Amino acid sequence: MKEQLKLVIADDHRLVTESLSEFLLKNIDCKIVFTASNGKELMDRLGDEIVDVILLDLKMPKMDGIECLKQIRIQYPEQKVIIVSMLDDENTLLKLIKLKVNGYLSKSGSGEEMLIAINAVM
């Protein structure tokens, strides 16, 4: 039997985390291990449990997604991370590539694209 996918969602907009959680739970065999409203909260909780994929927003208070991804790469270099953001300027995307992000999705994308990205990263 295939193991249930363990996901974390980090986004400072509660509606986004709740909607994304609901969508994912309905469409794939997964568990939302926890949600975080900023990068600091994510990093504080990340070591507590093994997770398969982190869905990470870029614009968050306390610690943004870029800084958070830098910390993830130092502490958990093999951790799979998909950025889910409205930011898509070239400089931001180049930074993400240099930080070895596993995937990028625009928040204007579809749920189907989210499922495809998670499947591809896994």
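This short talk goes through strand β4 and its neighbours, then helix α5, and then a cavity and a pocket. Please keep in mind throughout that we are looking at a predicted model.

Let me begin with β4, which spans residues 80-85 and is mostly covered, with 5 of its 6 residues buried. On one hand, β4 pairs with β3, residues 53-56, in the parallel sense and over 4 bridges, and within that pairing leucine 56 has isoleucine 83 of β4 as its bridge partner. The connection between these two strands goes through helix α3, residues 65-75, and β3, α3 and β4 together make a right-handed β-α-β unit. On the other hand, β4 also runs parallel to β5, residues 103-106, and 4 bridges join the two; here valine 84 stands opposite leucine 105 of β5. To get from β4 to β5 the chain passes through helix α4, residues 90-98, in a β-α-β crossover that is again right-handed.

Now to helix α5, residues 111-121, and to a question that one might put to the model: which residues of α5 are buried? They are Met114, Leu115, Ala117, Ile118 and Val121, and because these five cover an arc of only 160° around the axis, they lie on the same side of α5. In general, an α-helix has 3.6 residues a turn, so residues three or four places apart point the same way. The other side of α5 carries Ile116, Asn119 and Ala120, which are exposed. As for what covers the buried residues of α5, the elements include β1 (5-10), α1 (14-27), and also β3, β4 and β5, so the strands discussed a moment ago return here as part of that cover.

Finally, the empty space. A search of the whole structure finds 1 cavity of 30 Å³ or more, and the volume of the largest cavity is about 40 Å³. Its lining consists of Ile9, Ala10, Asp11, Val16, Leu20, Leu55, Leu56, Asp57, Val84 and Lys107, and the elements that give two or more residues to that lining are β1, α1 and β3. Leu56 and Val84 will be familiar from the strand pairings: Leu56 as the bridge partner of isoleucine 83, and Val84 as the residue opposite leucine 105.

The second largest pocket holds about 190 Å³ of space. Among the residues that line this pocket are Val16, Leu20, Val84, Leu105, Lys107 and Met114, while α1, β5 and α5 each supply at least two residues of its lining. Met114, one of the buried residues of α5, is thus also found in the lining of this pocket.

Methods:
Residues are numbered from 1 along each chain as its sequence is written. This is a predicted model: local features need pLDDT of at least 70, side-chain atom pairs count only at pLDDT 80 or more; totals for chains, interfaces and linings use all residues. Side-chain values use heavy atoms; hydrogens and water are left out. Buried means under 20% relative accessible area, exposed over 50%, partly exposed in between (1.4 Å probe, protein chains only). Two strands pair if DSSP finds at least two bridges between them. A crossover is right-handed if, with the strands pointing away from the viewer, the path from the first strand over the helix to the second runs clockwise. The arc is that of the directions from the helix axis to the C-beta atoms. Contact means heavy atoms within 4.5 Å. On a 1 Å grid over the protein atoms alone, a cavity is a set of points where a 1.4 Å probe fits but cannot get out, and a pocket is an open set with protein on both sides within 12 Å along at least five of seven lines; lining residues have an atom within 4 Å of a point. Grid points are joined across faces, edges and corners, and a volume is the space filled by probe spheres set on the points.
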